[in-house]
Every structure is written in C-alpha cells, then in structure tokens.
Amino acid sequence: MIKNIIKISVGMLMIITVLIGYIPQPEYLVELTCISNTLGGLLLLADGTLNIIKKKNFPNSFYLNVAVSILMVFLVCMGSLTGIYNFNFKGAFFFMHIINPLVFAACYMLFVNEQSHKIRFTLTAPVMIMMYLLFDCIRFQFTGEFVYGFIEPEELTFFNVLIAGIVIYIFVCLLGLGLFALNRLVHKNR
C-alpha cells in the first residue's frame, strides 16, 4: 500500500511540475521534457491507483520506455552544463530536468522487478524515443524547424536520418540495458 501511495504522490508531483512549467508557455508542450515527464507522472499515478483498486500492475515495458526517455532528458540537460548549449534549470524546469528523472528512475528500480524478463526485452526500450524523433521529423516537414534545433535542416538527408536513427537506437538500447541490469541487480536478493 505504501509503495502505491509513493507512486501516486510522485506521479502527481511530476504532473504538477509540468503544469507549472508549461502552462505559461504552451508553445513548448512538444518538448521531450514535457512529454516524458507527463507520461511518467501519468504512468505512476495510473499504476498506483490500478494496483490499489485491482491489485494489477502496468507492464514493465512502459516503465523501461519512460525511464530511458526521461533519463535522456536528464543526460542532455547535464550535457548543457558544458556550456555548448543551454537548458532551463529554473523553477519547475529544475524538477523536470533533474529531480523528476532521478526520482522516476528510482521508482523503476524499487517498484518494478525485471527478474522474469530476458535481456532481449531491452530491445523495446527505445520505442518512445524513436517515436518522439519521428514526431519531430514530421513536425519539421510542417514547421521547418526541429523542437530543439540540434540539427541543421540542410543536414536532413535520408542517409543522415538513417544513420542518426541507428546510432540513437543503439545508444538508447544500451541505456535501457544498463537500467535493466541495474534493476535485476537491485531485485536479485529480494
């Protein structure tokens, strides 16, 4: 019961920080920060509630997908500390860029047990990130700009997109594999 209350509380905190950060600037609702924090919050909220009512859990794959997505936000934001590019760390964005990803990852480690899954399970970990990148490419076709502007439009050739997609998929798979292995280690003695 306590773990479900924690899930619901963390889920509500994540959704509240998204609302505080993005209501004043709704044009940025397309950012991965907003999407991953919202989905993470909704997942925790729904899973905690469903577990209290029906004693059922959401599939682990949802947790792993959101965990790698929200940790990608965290890693990209940590990269901004080098000064090469800038991310907002003020107010609610400090939570969405730093606190929420770490707390969600901790929830995944503590409340989801991957002992019964095979390692190939991690091949699905990049689904959310890949869907987001596809969304960003489709959005670019209509707006002429990418959400984060890391890619110059002139560099958007089929070959470059294919290579970038493969590299990102492999990187996110490895991140998912690391989280999966750490989760199994945490639950090994339970």
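## Packing of α1 and α2

In this predicted model, helix α1 (residues 2-22) and helix α2 (residues 32-54) run roughly antiparallel to each other (an angle over 145 degrees), because they pack at about 150°. Their axes lie 7 Å apart. Axes are lines fitted to C-alpha atoms, for helices over the stretch in contact, with angles from 0 to 180 degrees between N-to-C directions. Helices are DSSP runs (H or I, at least four residues), numbered from the N terminus.

The α1 and α2 crossing is left-handed, meaning that the near helix is turned anticlockwise from the far one by less than a right angle. Twelve nonpolar, ten polar and two charged residues make up the contact of α1 with α2.

## Cysteines

Zero disulfides (cysteine sulfur pairs within 2.5 Å) turn up in a search of the whole structure. For cysteine 77, the nearest cysteine sulfur is that of cysteine 34, 13 Å away. For cysteine 107, it is that of cysteine 77, at 19 Å.

Cysteine 77 is buried (under 20% relative accessible area, 1.4 Å probe, protein chains only) at 1%. Cysteine 107 is also buried, at 5%.

## Confidence and conventions

The mean pLDDT (the predictor's confidence in each residue, from 0 to 100) of the protein chain is 91, and 99% of the residues score at least 70. Among the elements, α1 has the highest mean, 96, and helix α5 (residues 127-143) the lowest, 91.

Local features need pLDDT of at least 70 and side-chain atom pairs 80 or more, while totals for chains, interfaces and linings use all residues. Residues are numbered from 1 along each chain as its sequence is written, and side-chain values use heavy atoms, without hydrogens and water.

Key
Helix = DSSP H or I, 4+ residues; strand = E, 2+ residues; numbered from the N terminus. Buried < 20%, exposed > 50% of the residue type's maximum accessible area, 1.4 Å probe, protein only. Parallel < 35°, antiparallel > 145°, perpendicular 65-115°, else oblique. Nonpolar A, V, L, I, M, F, W, Y, C, P; charged D, E, K, R; others polar.
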